[in-house]
Structure formats: structure tokens, C-alpha cells
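Thanks for making time this morning. I would like to walk you through one structure, going slowly and taking a few of its backbone details before we turn to how its chains meet.

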Amino acid sequence: MAVGAVSNGIESDVNRWQYLNRFLTTPGPFTDDEATLGDEIIQRISSMKILVIGAGGLGCELLKNLALSGFKDIHVIDMDTIDVSNLNRQFLFRQADVGRHKAEVAAEFVEKRVKGVKITPYCGKIQDKDEDYYMQFGLVICGLDSVEARRWINAMLVGMVDGDNPDSLKPLIDGGTEGFKGQSKVILPTMTSCIECQLDMHAPREAVPLCTLATIPRQPQHCIEWAHIIAWEEERKDITLDTDDPEHITWLFQKALARAQEFNIQGVTYSMTQGVVKNIIPAIASTNAIIAASSCNEALKLASSTNPGLGMPGSNNYMMYSGDEGIYTYTFEHLKKDDCPVCGNLAKKIEVNSNITLRELIENLAERPEARQLKKPTIRTEAKSLYYQAPPSLEEQTRPNLDKKLTDLVSDGEEIAVSDPAYHQIQFRFKLLFRS
Amino acid sequence: MLKIWSMKKEQQQAENAVVGKKKKVTAAQLRVQNDLSELSLPSTMKVDFPDADDILNFLLTIEPDEGMYKGGRFVFTFAINQNFPHDPPKVKCKQKIYHPNIDTQGNVCLNILREEWKPVLNLNAVIVGLQLLFLEPNASDPLNKEAAENLKTDRQGFVRNVRQAMGGGSVRGDTFDRVLK
Amino acid sequence: MTTTPPVLQGPTAKEKKYDRQLRLWAASGQAALEDAHLLLINSGPGVIGVEALKNLVLPGMGHFTILDSAVVEEKDLGVNFFLDEQSLGKSRAQETCKSLQELNPDVQVDFNSQTASKFLSKPDALQPFSIILVASPLESKLLSQLSEHCDSSGVPLFYMHSVGFYVHFSIQLPHAFPIVDTHPDPVTTTDLRLLKPWPYLIEYAQNKTKGLDAMDHHDHGHVPYLLLLLHYLGDWQKSHDGKSPANYQEKNEFKKLVNSAMRRNNPEGGEENYEQAVAAVLKNLNEPTPNSSVKGVFQAEECANLSAQSANFWVIAHAISTFYTKNGVLPLPGAVPDMKARSSDYIELQNVYKSKARQDIAEVFKEVQSLEIKLGRTKQIESSEVEAFCKNAAHIKLIRGSPLHISAASTTLDWSDKASSAAMLLTDETSHFLLYVAFLAYDKLYDEKQIAPGIEAIKEDATIMTKYANSIIGDLLSQAGKKSSEDVEKAKTRVGKLCAELARAGGGELHNISSLGGGLIAQEVIKVVTKQYVPVDNICLFDGINSTSSVLRL
């Protein structure tokens, strides 16, 4: 046993966390007057379940930072396995871990390093989990590289907010990086601007016209895209392209190179082929460290009130970071959008008799004050198209549902979405509660 | 965090909105539902849903009643992912046809399907664009180079080849799918 | 089906591992990183420095030495990720060294458990290091010694604080720190010479746009927009005394002229190349005048007075300055953005630009060679270095390093020629200058007591620091020749709060803030070592309460 290891666990804990606990027990000049710092806060943080989505470049940093911020019950989701190109920044992984699941290796490492922290990994997709799973957490932090996954978790957390249950509101902290640039932001679902409101902050991927690729390529990238989109399908239709398979990349590279030579275009390389085909975004340890630390700093402030942070309604909620020329941050309030399809028009609870038909439900809906102009409603659940006014084929397919009973179509508590040309872009969502 | 909830309560008094369990209709579904209800299709086009519950995957049939493709029935698959409308719909022609802007693999060269896609565009815009391809095939930047060259240099011959291909015949040794009604 | 031939230009193991960063700083940057030997002088809780090192070990910086005399205690384990139970009671330098080494077998990490004062008492102790990082707190006299060494040897020096929710760091760069590869945004930096075309370009454009009106739709729709612009500029000049559109209004008129020439009676109802031409008018119709940063390099003393010992940068800069005086423009970069065109036409146009760029490089290279002979230089500059310089000539940067501000117990800070600009920042709330003043007060109190402010008495130390901060402000005002004002008095109250927040930390670091600061510092070290991108000049502050930052040049 090393010198200094104390037999009294509590005393060692007090010593160990003294830097952090100073801020959790002593208010400073900027601390909110309503904040109640002290042992209770320390307790609350250590017992709060917190979810980290992604165990990659940001995720590794997030886990380390949370473990050293007093959070002791951390869960992490990631479906990926470790690749050698991760090792330049994902510091919880070693050469020998290549091929293993990121979530598992990351959890093991941090648990081993920081005593008393429990990290529960899940190796899979966020979409595998349902509302009951997400309900257990006090806070969700994302380190993702996909817009789609962000939108999914955002919609999930917005949808979970229940006015009667304070615990159903899960703050969402989201970070992202690209080369020397990044951003971190705090979202209070249904209260402040959400991922969907911020969709225009993500530039869509640049694309070149297909006909340019097919007939008038001018850049090395055009030749690579041609090999990727057109040549592969013409010549290797039966093989599913695996962008991690070196043989596949080599094939595309040779194809692109030959095409480039045909058109006197210079600059096709193996590395560029990989970059274009896999849409590789440069990533470095330092930017990930900055963005992940900013996200966890906000998490700690939010959970403890030791100091004010980003995200409160009416104040800044978004920090943009750029590090290629000096260091530049722009911190501002991204405004919630009234017409946001996810948080702009929240579902309302309505009680219905489960024995009425869909047709009767539609008639009932049109009597509601907010839906008075409903004339030709179209209506669905996540799983089912209940009734579509148009196009004609779909109308025909869904017409039989009109005379079915609700019990045969939806389950108690399920959400329906209703749209009508009379309301253009506005949709109504209702949560149907069966009256017994 | 307690403070957040008291602020939420204040916000809520005005709204009375609540949500609950179970799977939510997704943002992509909501948007497609809107687009479908605003679709205005002429008699020459129709959409079909192999699975009525899955509105993200459907078929579009175009039956041009004028132009050189008159009398044909052209079927396109629409595959929309959950990232719609951030991502454009993926559209492919199901049949092998002779057309300067559609290659023999079914890839379609239409600007709003790729480089000029914007989330504010809707499915109607895409469908109108596809229809236009049959009324005004564009030889200037083609996907099928031979067909384009053919259209540019010998319009009459091109029309003949289109008819030949639509009947399931072959053009310059390449056999096409029969697409006549 | 034939099998795919083996990859000839496939990536090496190292290229695979570093793929995501090589796409930013390329092999040249990586080589510079691998050549570096960094010294970290660690103190206090010592987390920000170790976090910075983590972000440098991972991308493969060559060699590190950690100097830290601390012994690992229980409190280290709550804030430093690179220590664990097994480390208790052992040398902190050795233990962090061990954990960091595990992150990357390709780097060399050494440690030294001496105190800074013992270490620095040895002559030549600093000789091996190409870059030095110092974590506060450190006695002011040692910091001065380091600053002087780095000043005379041209070694970059970083001095950093992570205290509670705040981060500060200052970078002392050599007196002349030139950067060629600044990585400017490719979109805003295209130089097509539309207003200063060389004779062959004019001839080429005329040739290619001859009979434009008679072209068929296909040809007309595929003339590269660059040639269209040159063509219509010719038309414009005929009706404007040979002058080009000079101001915003004229450029807009010119835009209309180009737009009106677009064909709309074709199947597409418009032409993409004309649309691109119209969009390029405001962006690309500019005189290629060198910016102030480039002119600053030309006017620098080092550029004018070359010697046999001058750095290559200055010899090439001198040659380019001669080129500029003679030709009225900088060497052509030679890159042509993608534009609607037939493949062969585009490649041909690209070659027109490329060969002119090569011609310019050759002229500069000849000048460099004649300078080398004149100066009697023995080591010749490679043409590749000249080429890289010419391609980025319009975007080179020169940073003039200045010494650290060292806040000592008994001395008054000398703001020298920065006094008046610093005094202006006192009332600029967004600048974080007051936070910098609070850090100076923090160091002053540390230097006096040799113990971190706030450890023993938060309130009392906050009061003393506020007093020091106010006297720093007073000294600054008098050096700037300014009187206090109502706003300055308000600033004095605000700085008191910042001092109180610093004292609240009791010399402690918060892991998140140190991790963030370590990220910022590693990023700046990479920029300084690779001489790519543009580093902070020279003070950076991060406020973890408001999530805002500032860079001050003082």
C-alpha cells in the first residue's frame, strides 16, 4: 500500500475532492443568491445519473471530465469499435484495444483510474433505447459527429417533458468539433432553442452535380466521387461498399486515378480518396479537449449552481469556438423558433373514449379551439399511417381505418400528429389518453 | 436545476402543453406528412406506397402525355431518411431507360436532388423537376453521354432511339427495359 | 472480375494513426512537431500543464521533460486524471510522466523532480529545450530568469494560470516570429488578377471568347466565368476610358452588364457559368494590393538589412519585395477555383495560371540566388521553400514577440508603449482586461507570501488582491498619462469581484477549466512549433463563468 493512503475513507474523500468541494460549498461573488451550496449539493451531484452519448474524441474527454467533477453514476452509449486512426486523440484507447467497443473500453479505463466512479457502458445505438431508459438521467451530454443522432435524441428529450413531473426535463448539452473549430451549447428541452431550431447552424455537405462527375470532371475530388457513386455501381453492384475496407478504397482510388489521367487532372491520392469517400473531418485532441471541457463545465454549473452558466431562458446558450487564427469565441443566445417542428408545437394531452372510431376522433378534434379550421386532416402515429387525405393511393389504403375503433389503431398514451392544408406548415400533436 | 423547473412552470402557465411516453412521430415524418398533403399531382403522375405505414419510402410513376417520352410509364423510388429535410430524398429510376440525364443504373441528374438541395424545398419541387426531365431532356451536361450526343447532333434519330428503347429494344447494342403503357 | 492491384501509395502505419491531424498540418507540420523538445515547469495543483501535454503527446510531439518537485497527495487524485492510488507518495513528475508515456509509445517523456530554483541554478539547464511551458505560481525572479533566457535564445515561452473558473496564459515569442503557412480561408483569398491581368492572360481570354455571341448554347454555357469576366471587362473599359469598375456602384453596374448577357432562351432558361461570373464580381474584382501585414514584413529592418546570417524567411521576403517593386504585384499564387467548364478548357486555363506562377517563382528564386552570392551565404535556400513562400506571399504574417509582464512583490509593472492601449481596455467590459489585472494582483500576492491566495483566508486575500489590482490600475493610468473617471472607478469595483472569485479557489484548479485551458495551450504550442496557422499574440483569457474569451495584445 502506498504511503498516504488513508484508512478512513471519508477523510480521504474530503482530502481528495477539496479543490472541487470548495466551489460546491462556498459561494462566490457571482453565485446566484438562491443557490444553496453545501453537502447536499455534493450529494446530489454524486448521485445524479448522467448520460454521455458518444465515446469518441469528445466522449473520452467527457467521461474523464465528469468523473473529476464529482459525478459518480455515469452511463455511456456508443455503437462504434476502435480504429487505429482514433488513437491520435481518443486517449482512453491503446493500440491493443483496436477492434473493441469504444463504450466498454472507455468505461473500464475511467472506472479504474478514478476511484468510486461507476460507468455503465452500452454498446449500441441510441435508437435502441426508449423513453423509460432516458427518463432515469438527470442530464444528457452529447459528443456526436452526426446531425441525425443529435436530432433524434433532441426530439426524444423534448417529447419526454411532462408538465407534472419536474424530473422529466433533462438538460441537453451538446458539443461538436471540426479541425480547429467547434461549438458547445446548452438546451433546456421545450424551454430554449433546441437542436432542431439550430439546424441551420450546420452547413449541409457540399455536393457537385452528378452530370459534372459523369461528363466534365475538373477536380481530383470529382474523379473520386465518380468512382464512388457511378463506377462502383456499374462494376461492383453486388458488393456492398465498405469504406473501412482497404481493398475497396484501393479499388476506388485506382478507378479515380485512371479517370483523372484520362482528363489530365492532377492530385488524386489514396488519402484524398479516403477523405472524400468517408467524408473525413479533421480532428485533433486539443479542440476536443476545449469543447468537451466547456460542455462539462456547463454541466457542473447547471447541476450545482456554484456559478451561473449558459442555457437559462433569456440568456446566452451557445458558444462558438475558432482556433485557427488566434483564439476566438462568440457566445450568444440562439433563439427558440416558434415554428420549430420539434419544440414549436408540443403535443397536448386529450382524453378520449377508446371505443370511438377514428372518424369520430377526427370530428372531435375539429371541435377543439386550436384546430377549428381542420377540414381535411391527415393523421398518423410514429408506427402507423392512420388516415391520409392525399395522395389518392394512400387515402384509399388508409380509408378502412376510419371505421376502426381507436383501440385497434393506437395504444393508450400514444402520440398522434395531425396536419391539414388549411394550416400549411403547422402540425398538431396530441397524446391520446384513454378514458376508462 | 430546481430553478429551471420553476422557470418552466412560469412558461407553462401560458401554454398548457404536455407530452408523454411512447414513440414520437419523428421530425422527418412530420415534414413528409406535410409535403404529401400539399402535393398537387397532375393526372400524369401518381405515388404509391408499398407499405402504407411507411411514408418515407414510396414510388412515383410518371406517364408523360406529351414530348418524346409520351406513352411511357416511368417509375422512380423515393427513399427519405430520418435526416430529411437536412438531407435530400434519394431518388432513382427503377427501369433502365434511354435518357441523357438518367444513367443506365437509374441515377438521376437533377440539381435540386444534390448540389442545390435546401431544406425549404419540398417533395413537390422534386417531382415537378423529374417531370420536366421528360418534357425537356437536357443535352448540355448529361449523365448518359451517348444519349446526349445523340440528342444534340441528331434530334430525329434521338427520338427514334427513345421509342426503340421504350419498346424494350436496344440502342447501339445496349438493351433497355420496356416501359410502354 | 479482376482483383484490385495492391496499393502502391497506401498509407504507412504512422500516416494511419495521425490521419485526422495530417489533414490539417500535413507532413511538414508533423515533422516540426516531432523535432520539438518541450519543458513543462509544473507547480500548484499542476493540472493545466499536464492536460496540455496530453494534447501534445497524442499527436506525437517528439520529446517532453516534466519538471515538478511535488509529491503526489490525496488532493491530486481529485483533479489530475494522470495519477491514481498507486501514485500516492511518489514523485508527481515521475508518475504523470509514466501515464502520459502510455498514451503514445512514439514520443519520449522524461521527468525531473528537482525544484525549479535548483534546476535553473545549473548553467545550460535550459539548453536542450525548443519550447518552454510554465505553470503558475512561480517566484517572480525565476520567471524573470526564464523570460530572459527565452528572449536571448529565441525560445517560445508560455506562462499559464488555471485558477477556479478562470484561465490566463501569455506567450512570449521571439522578437521576430514570421509565419508563411497561415492557412488563410481559401474562399476569401482567391487571387485571379482580373484587374491586373498579365499580357498572355488577356490574349488567351480574347482568343477563347472570340465570337462569344455566335457560339451554340452548349459552348456558350461552358465558357469559364473567369474568361467571361475578362471579356466583359474589355467591353466595359471601351466605354469607360480604359478603366475597370472601381467602386461598389460601378461593380454593381458591371454585374448587371454580365447578367444581361446571360442566355435565357436555352432549355435550362439560364446559364450556370454566367451566374458564377455574376457572383464573382464583388468577390474577385479587386486590386491585388498587399495587406498591411505583408507591407510590414517588407519594411522590417531584417528585410532591408540582410546579412549572411539572416534567416531564410528574410532573404526570400527581400527577393519578393524586389519582385513587387519591379512588377507592382506579388508573385501569382496560381490556384484557380472550380468553375463550370468543360474538363479540357478548365485544365488549360489552370495551366495558364500555373505556368505564370512558375515563371514568378523562377524570377524570385533567381533573385534569392543572387542575394546569396552577394551576401556570401554558404547554405543555399531550396526552391521548394521559395515556392511555398510565393504561393502564400499575400498572407504571410510577422509577429513581434514581447516580454511577459512579471508581477513581482516589490516592483511596479512597466507597460511601456502599450500603456495607453491597455488603459483604454479598463472600461471595455468585453475585453477581460480586468481579469488580466486580477491575475497580475494574484501573482503579486503569491510572490509576497509564497502561498496561493485564498488558501488560508479567502476574504482577507481578496481584499489585499483588490488593493493590489487597484494600484496596478493606478500605475497604468499614470503611465498612460490618463486621469481616473467614473467608469474607471466602476472598473475598480468590478476587479474586486474578480479577485474575490480567484481567492475563492484557494489556489485550486477545477478539472474542466484546466482541461479547457490545456486544450487552448496545446493548440497554441502546435501553431508555434509547426509555424502554421496564427498563434495568439500575446495574452489570452478564458472566463468559465460566462464562457467567453479574449485575446489582448499588450
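Let us begin with Asn264(A), which in this predicted model counts as partly exposed because it has 13 C-beta neighbours inside 10 Å, a count that falls between the limit of 12 or fewer for exposed and 20 or more for buried. If you look for Asn264(A) along the chain, you will find it in the loop between helix 10 (246-262) and helix 11 (270-277) of chain A. What I would like you to notice there is the backbone, since Asn264(A) is not a glycine and yet has a positive phi of about 60 degrees. As background, most residues other than glycine have a negative phi, and most peptide bonds are trans.

Chain C offers a second case, Ser547(C), whose phi is also positive, near 55 degrees, although this residue is something other than glycine. Is Ser547(C) buried or exposed? With 25 C-beta neighbours inside 10 Å, Ser547(C) counts as buried, and its place is the loop between strand 9 and strand 10 (548-552) of chain C.

Now to the peptide bonds. The bond that runs from Ala390(A) to Pro391(A) is cis, with an omega near -10 degrees, and Pro391(A) sits in the loop between strand 11 (385-387) and helix 14 (392-398) of chain A. In chain C, Asp537(C) and Asn538(C) are likewise joined by a cis peptide bond, here with an omega of about 0 degrees, and Asn538(C) belongs to the loop between helix 22 (511-530) and strand 9 (539-543) of that chain.

From these single positions, let us move to the place where chains A and C meet. How many residues of chain A are in contact with chain C? There are 74 of them, and they touch 74 residues of chain C. Several elements give two or more residues to the chain A side, among them helix 1 (9-16), helix 4 (57-67) and strand 8 (328-332), as well as helix 10 and helix 11, the two helices on either side of the loop that holds Asn264(A). Helix 12 of chain A gives the most, with 10 residues. Sorted by class, this side has 36 nonpolar, 27 polar and 11 charged residues.

Finally, a word on chain B, where an unreviewed UniProt entry annotates residues 27-171 as a "UBC core" domain. In the model, the end C-alpha atoms of residues 27-171 of chain B lie 45 Å apart, and the span is 31% helix and 15% strand.

Methods: Residues numbered from 1 in each chain as written. Chains lettered and ligands numbered in written order. Predicted model: local features only at pLDDT ≥ 70, side-chain atom pairs only at ≥ 80, totals over all residues. UniProt positions renumbered as here; feature names shortened; annotations may be inferred. Helix = DSSP H or I, 4+ residues; strand = E, 2+ residues; numbered from the N terminus. Contact = placed C-beta atoms within 7 Å. Nonpolar A, V, L, I, M, F, W, Y, C, P; charged D, E, K, R; others polar.
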